[in-house]
Amino acid sequence: MRRQRHRRTGPAGAGRTRKRRTGRATLRRRLVLLSIALTLTVSVIIGLVSVFSLQVFLQDRLDNQLTSAVLRSRQAADRQPGESFFNNDGVPALLSSDPRRRNFPGPGFLNAPGQGEDTLGVQIQADGQVVQAGVLSASGGGVALTDEQKTVVSAVPADREPHTVDLGGDLGKYRVIAQVVDARGQQKTLITGLPLSSVQAAVWRLAAVVTAASVFGLLAVGVLGGWIVRRTLRPLTRVAQVASGVAALPLHQGETSLPVRVPESYTDPSTEVGQVGSALNTLLGHVDSALQARNASEARMRRFVADASHELRTPLASIRGYAELTRRTRVEVPSEVAHALNRVESEAIRMSSLVEELLLLARLDDGRSVDREPVDLTDLLVNAISDAHAAGPTHRWQLNLPEVPVVVTGDEAQLHQVVVNLLGNARVHTPPGTVVEAALRLVTNEQGQSEAMFTVTDNGPGIAPELLPEVFERFARGDNSRSRTAGSTGLGLSIVSAVIAAHGGLVNVTSEPGRTCFAVLLPAEPPGLPFEIEDAHEQSPLPA
């Protein structure tokens, strides 16, 4: 697997990019909010209908009472105190001659038996002048109306239909009926009214009860609904946990086992969540089978490559030996034959190198453990840069080493091949005169552990951005972006990546025109002598 970061992450998941939160609420929250909204809507509708129905009912009953009061008023309008008349039931009745009502400010028809407390009475002459206006009190007396109240009441049309007027003050709203009567040969308008205060009080009381009940219901829906929804969605939460567990598996690193499954209790096909759980288990089974088949196929391919590489080593060695033996014979051969033998020997050498690289990759893919012994990277780098200078005299080679040896634990031969491959890559893919710097230093990671950082930097033309993600892939070539003076197998950088991964390290590349840097991080032994430990974020400058 190719690694492309300079720094290691901390504990598992510390370097993982966190998913950005969105403004969308969870399904549980949406269900609870929808339940609350639905309950609120129903409560409002029921409350409005109940309050409106009660208001209509009480107002109709008040209008019936008002009609009876109007009838009594009309019968008593043309009578004198002490004079009898018939009430609504046909029983003779007398107008009250109580001394307390002699100074009564209202019209005389309010003295009729049966007129209730707070009954309103107004008498208007034919010319529109209000002559008497008052409200019957509980003590038998009355309360006179103000001029403003008289004006409001006198504006009621005399159509014998109930109307609502607002008298303000302590009286409030009244239901009144105005009628024109002919009393004692004179035409006048009688207005009788009953207060709406009792109706309004009952309506407001019901509204308060409905509001309190609605608030309590909403709280109950919020608490109990949340508990019910959470309990109902528990199987779905379990299914999501299984899916998250599968997503966290390192399948891209070759993991082929999918041990997690949705419990059988959450796979009931008669429920929607059970259908999801069952489908997820089926999907995981197919994925598990596919991963096992892929793993088996890759294992067979690795064995084939390893076996083929191993078998090719002997015939290639024979070809090289016979070609060299023929070239050394004392018998003079034609120049064409000598050239052909040289080419055979050259290609046999190249094929042997390719076979060795394939064999090394096959062994690394097979997960074989590398040798663990102290390796002095300082000495290894000095020898490698010397060999690179001999192989590429047209390049400018520079070496930057720390003051103390840098020691890592690993396979010296494989680490030497890593350094050689990186230096050879810089030599092969850059033009003559390119400055190539090999630098080594000790750094500390986020856990305070020492690491060896080895970089190979050149000022060549660089790698095309579209090729950067593939440079560590096998048989990847940068021919389209970097000029090439010699052939390559396309396995050099893939070997670098595989060897460094086997040693528990990281490898990364950054490139732009005029600067390409391959960086390798390996766990290192603590320095034996005191020296300044540099920050892992710093970049080694390219020398002029």
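## Buried and exposed: the whole chain

A residue counts as buried when its relative accessible area is under 20%, as exposed when that value is over 50%, and as partly exposed in between. By that yardstick, buried residues make up 36% of the 544 residues in this protein chain. Keep in mind that you are looking at a predicted model.

Turning to the overall build, the chain has nine helices and 16 strands. Its exposed surface comes to about 31300 Å², and carbon and sulfur atoms supply 55% of that. What about contacts between residues with a separation of 6 or more? Of these, 64% link residues 24 or more positions apart.

## Two patches on the surface

Let's start with the nonpolar patch. Leu27, Leu31, Leu34, Leu236 and Val276 make up this piece of surface, about 390 Å² of it. Which helix gives the largest share of the nonpolar patch? That's helix α1 (residues 27-76), with three residues. Leucine 34 is a good one to click on: it lies in helix α1. Its relative accessibility is 57%, so leucine 34 counts as exposed, because the cut-off for exposed is over 50%.

There's also a positive patch, formed by Arg28, Arg230, Arg231 and Arg234. To find arginine 230, go to helix α3 (residues 197-232). This arginine has 39% relative accessibility, so arginine 230 counts as partly exposed.

## A covered helix and a leucine that touches it

Next up is helix α9, residues 492-502. How many of its eleven residues are buried? Eight of them are, so you can call α9 mostly covered. The buried ones are Leu493, Ser494, Ile495, Val496, Ser497, Ala498, Val499 and Ile500. Just after α9 comes glycine 504, which takes a positive phi of about 75 degrees.

Now look at leucine 360, over in helix α6 (residues 335-365). Setting aside residues up to four places away in sequence, leucine 360 touches Gln414, Gln417, Ile495 and Val499. Two of those names, Ile495 and Val499, are also among the buried residues of α9. Leucine 360 itself counts as buried, because its relative accessibility is 13%. You can also check where leucine 360 sits relative to serine 309: these residues are 51 apart in sequence, and their C-alpha atoms are 9.4 Å apart in space.

## A threonine in a strand

Strands have buried residues too, and threonine 189 in strand β8 (residues 186-195) makes a handy example. Is threonine 189 buried or exposed? With 17% relative accessibility, it's under the 20% cut-off, so threonine 189 counts as buried.

And what does threonine 189 contact once its neighbours within four places in sequence are left aside? The list is Val122, Gln123, Ile124, Ala158, Ala178, Gln179 and Val180.

## A proline in a loop

Last stop: proline 405. You'll find this residue in the loop between β10 (396-400) and β11 (407-410). At 49% relative accessibility, proline 405 counts as partly exposed, because a residue has to be over 50% to be called exposed.

Which residues does proline 405 touch, not counting those up to four places away in sequence? They are Asp376 and Thr378. Take threonine 378: along the chain, this residue and proline 405 are 27 residues apart, yet their C-alpha atoms are separated by 5.7 Å.

Key:
Residues numbered from 1 in each chain as written. Predicted model: local features only at pLDDT ≥ 70, side-chain atom pairs only at ≥ 80, totals over all residues. Heavy atoms only, no water. Helix = DSSP H or I, 4+ residues; strand = E, 2+ residues; numbered from the N terminus. Buried < 20%, exposed > 50% of the residue type's maximum accessible area, 1.4 Å probe, protein only. Contact = heavy atoms within 4.5 Å. Patch = residues over 30% accessible without salt bridge, like charges linked within 9 Å, V, L, I, M, F, W, Y side chains within 5 Å. Areas by Shrake-Rupley, 256 points an atom, 1.4 Å probe, with all protein chains shown as cover. Salt bridge = Lys/Arg side-chain N within 4 Å of Asp/Glu carboxyl O. Lys, Arg positive; Asp, Glu negative; His and termini not counted. Charge placed at Lys NZ, Arg CZ, Asp CG, Glu CD.
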